[in-house]
Amino acid sequence: MSTRQEIPPAVVIATGYLAGAVPFSNIVSKAVRGVDLRRVGTGTVSGSGLFYEAGLKPLLIGGILDVTKGSIGPILAGRKRPRLAAVAGGAAVVGHNWSIFLQGAGGRGISPSMGAMAVNGWHGSLVLLAGVALGRSVRLTSVGALCSYLVLVPVMRNQGGRNKAFAAVAVVIPMLVKRIAGNEPAPPESRIRTWSTRLLFDQDTVPSLSWRQRKPGVD
């Protein structure tokens, strides 16, 4: 029998959230360009926003850190507590999307989701990455990301059963909620249209420009 003392679940989940809440993309953006991502573009603190403001090299740094932070909670949970690891991964996504360090602002969660799934079910990371890559190849990154969210749970259920599916649900729910909630409340006179636009194209408001001209943040 192992004598190693397990980390209490509350500590694991709290650590997962706090790790996820560290806004690496914004930190890198400020360090390299002096730009607060909340004040430009869509207002989303994401790898996409970092790329548009600072370029590829800063994106690689911020992106790697944003992915890695999603794995911290699941690693602390350990393999013997898969449900706790799943919740800790979801907590990292919640922290990224609604960061305590950014007064509730944040990204869309796909980067920490990849990190969480790398620990909880590596197939899930490939699904998310493929969705973003395929979407970006046809200039529909947000749609590609949405498709990956929708297929993630059944793919993980097929690959690893209920625990893997639960890990997928834990990251998908906060990503979908943030996608619909956006960065600002929906106008009362056009809530349904706004929510639909956010769900499909990840844009906070109904655009006046072509959706191919927009720069949604999906990370």
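## Contacts of I13

I13 touches L84, V87 and A91, leaving out residues up to four places away in sequence. This is a predicted model. I13 is found in helix α1, which covers residues 9–21. Its partners L84, V87 and A91 fall within the numbers of α5, residues 82–97.

A86 also belongs in this picture. The C-alpha atoms of I13 and A86 are separated by 9.6 Å. Along the chain, I13 and A86 are 73 residues apart. Is I13 buried, exposed or partly exposed? I13 has a relative accessible area of 30%, so it is partly exposed. The cut-offs are under 20% for buried and over 50% for exposed.

## Overall build

The chain has 10 helices and zero strands. Read from the N terminus, its elements run α-α-α-α-α-α-α-α-α-α. The radius of gyration of the chain is 17 Å, close to the 17 Å that the globule rule gives for 219 residues, so the chain is as compact as a globular protein of that length. The C-alpha trace spans about 65 × 40 × 35 Å along its principal axes.

How much of the chain is buried? Buried residues make up 47% of the 219 residues. Now take the contacts with a separation of 6 or more. Of these, 59% come from residues 24 or more positions apart.

## Surface and charge

The accessible surface of the chain comes to about 11,000 Å². Carbon and sulfur atoms account for 65% of that surface.

The chain carries 25 positive and 9 negative charges. How far apart are the mean positions of these two sets? They are 8 Å apart.

## Two nonpolar cores

The largest nonpolar core has 20 residues. Six of its residues touch the most other members: I110, L128, Y149, L152, V171 and M175. Five helices give two or more residues each to this core. They are α5 (82–97), α6 (110–120), α7 (122–137), α8 (141–160) and α9 (162–181). Which helix gives the most? That is α9, with six residues.

A second core is separate from this one. The second core has six residues, including V28, L37, V45 and A54.

## Helix α2 and N26

Helix α2 covers residues 24–33. Its buried residues are F24, S25, N26, V28 and S29. V28 is also a member of the second core. What covers the buried residues of α2? The cover includes α3 (47–54) and α4 (56–77). Just after α2 comes G34, with a positive phi of about 70 degrees.

Now look at N26, in helix α2. N26 has a relative accessible area of 3%, so it is buried. Leave aside its neighbours within four places in sequence. N26 is then in contact with V35, D36, L37, R38, V45 and L102. Of these partners, L37 and V45 are also listed in the second core. T44 is 18 residues from N26 in sequence. In space, N26 and T44 are 9.6 Å apart, C-alpha to C-alpha.

## Positive phi in two loops

Most residues other than glycine have a negative phi. Q103 is not a glycine, yet its phi is positive, about 55 degrees. Where does Q103 sit? Q103 is found in the loop between α5 and α6. Its relative accessible area is 68%, so Q103 is exposed.

R139 is also a residue other than glycine with a positive phi, near 60 degrees. R139 lies in the loop between α7 and α8. Is R139 buried or exposed? R139 has a relative accessible area of 55%, so it is exposed.

## E189, towards the end of the chain

E189 has its place in the loop between α9 and α10, where α10 covers residues 191–201. Why does E189 count as exposed? Its relative accessibility is 69%, and the cut-off for exposed is over 50%.

Compare its position with that of P58. E189 and P58 are 131 residues apart along the chain. Their C-alpha atoms are separated by 40 Å.

Terms used: Residues numbered from 1 in each chain as written. Predicted model: local features only at pLDDT ≥ 70, side-chain atom pairs only at ≥ 80, totals over all residues. Heavy atoms only, no water. Helix = DSSP H or I, 4+ residues; strand = E, 2+ residues; numbered from the N terminus. Rg over C-alpha atoms; globule rule 2.2 N^0.38 Å. Buried < 20%, exposed > 50% of the residue type's maximum accessible area, 1.4 Å probe, protein only. Contact = heavy atoms within 4.5 Å. Areas by Shrake-Rupley, 256 points an atom, 1.4 Å probe, with all protein chains shown as cover. Lys, Arg positive; Asp, Glu negative; His and termini not counted. Charge placed at Lys NZ, Arg CZ, Asp CG, Glu CD. Core = buried A, V, L, I, M, F, W, Y, C linked by side-chain atoms within 4.5 Å.
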